[in-house]
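Q: Please take a close look at the packing inside this model for me. I would like to know what sits in the interior and what surrounds it.

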Amino acid sequence: MAEASRTLLFCNGTLKQGHQNHFLMQDLIRKKDANFLGPYVTHQSHPLVIGPHGIPYLINHPGCGHRVKGELYPVSAQRLVRVDELEGTSIGHYERLPIQVCEEGKDSVLVAAQGYFAHRSFGEKLWERKGKVGLAEFGDKEGKEDGAPGSGSILHDIASFITSDD
């Protein structure tokens, strides 16, 4: 029987090596439901901002921001559901959308992948709230910003953040 289909998943935030949610990718790799292909970068620039609790958000606004660095993983369709669950796609936290990436240093070879973007209900507002200033990469120090506990609902905390004046 043929191997199950795999989705190329571009991870640019907490799923990357060295970050708090990478445990899920490690588990999928251990179970042979994913593997690490290496460092990749977005073909087009996109905004990448840090929201409440130090959580990174890629904004679906191509042509703004920077070419964002991340990692590429083929993930089995069967296990992609686990990643979607962690990323809160069913509650409107992130949405998994198509994105073109290329291996670092090999800009001429484009790869069609999918990535997790801030949900459309708040992504653009978050970009504006951050002064339309973003990052090229979610690194070690960014993952440790603003870790203060909030209301218990990340979507509520995001709404409060984008409407606050400070």
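A: Read from the start of the sequence, the protein chain runs β-α-β-β-β-β-α-β-β-α-α. That gives four helices and seven strands, where helices (H or I, at least four residues) and strands (E, at least two) are DSSP runs numbered from the N terminus. This is a predicted model, in which local features need pLDDT of at least 70 and side-chain atom pairs count only at pLDDT 80 or more, while totals for chains, interfaces and linings use all residues. Residues are numbered from 1 along each chain as its sequence is written, and side-chain values use heavy atoms, with hydrogens and water left out.

Let me set the scene with the whole chain. Of its 166 residues, 47% are buried; buried means under 20% relative accessible area, exposed over 50%, and partly exposed in between (1.4 Å probe, protein chains only). The chain exposes about 8,600 Å², of which carbon and sulfur atoms supply 52%; accessible areas come from the Shrake-Rupley method with a 1.4 Å probe, and for residues only the protein chains shown count as cover. Among the contacts (heavy atoms within 4.5 Å) with a separation of 6 or more, 73% join residues 24 or more positions apart.

Now to the interior itself. The largest nonpolar core holds 25 residues, and Tyr57, Val75 and Val83 have the most contacts inside it. Such a core is a set of buried Ala, Val, Leu, Ile, Met, Phe, Trp, Tyr and Cys residues joined through side-chain atoms within 4.5 Å. Two or more residues each come from strand S1 (6–11), helix H1 (22–30), strand S5 (69–76), helix H2 (77–87), strand S7 (110–118), helix H3 (123–129) and helix H4 (154–163). H4 gives the largest share, four residues. There is also a second, separate core of 14 residues, with Tyr40, Leu48, Leu58 and Phe117 among them.

Tyr57 is a good place to zoom in. Not counting residues up to four places away in sequence, Tyr57 touches Pro47, Leu48, Val49, Gly51, His93, Tyr94, Ala118, Phe122, Leu126, Ile154 and Ile158. Two of these partners, Ile154 and Ile158, are also on the list of buried residues in H4, together with Asp157, Phe161 and Ile162. The buried residues of H4 lie on the same side of the helix, because they cover an arc of only 125° around its axis; the arc is that of the directions from the helix axis to the C-beta atoms. Their cover includes strand S4 (56–58) and H3.

H1 has its own set of buried residues: His22, Leu24, Met25, Asp27 and Leu28. These pack against S1, S5 and H2. In the loop between S1 and H1 you will find Thr14, which counts as buried because its relative accessibility is 9%. The side chain of Thr14 makes a polar contact with that of Asn21 at 2.9 Å. A polar contact is a pair of N or O atoms within 3.5 Å; within protein, one must be able to donate a hydrogen and the other to accept it, and residues adjacent in sequence count only if both atoms are side-chain atoms. Leaving out residues up to four places away in sequence, Thr14 touches His19, Gln20, Asn21, His22, Pro56 and Phe138.

Moving past the other end of H1, Lys32 takes a positive phi of about 65° just after the helix. Lys32 lies in the loop between H1 and strand S2 (38–42) and is exposed, with a relative accessible area of 66%. Its C-alpha is 8.7 Å from that of Ser76, although the two residues are 44 apart in sequence. Asp33 is found in the loop between H1 and S2 too, yet Asp33 is buried at 11% relative accessible area. Beyond its neighbours within four places in sequence, Asp33 contacts Arg6, Leu28, Pro74, Val75, Ser76 and Arg79. Arg79, in helix H2, is partly exposed at 27%, and its contacts, with neighbours within four places again set aside, are Leu28 and Asp33.

H2 also carries Glu87, which an unreviewed UniProt entry annotates as "active site"; UniProt positions are given in the numbering used here, feature names are shortened, and annotations may be inferred rather than shown by experiment. Glu87 counts as buried because its relative accessibility is 7%. Apart from neighbours within four places in sequence, Glu87 is in contact with Leu15, His93, Tyr94 and Tyr116.
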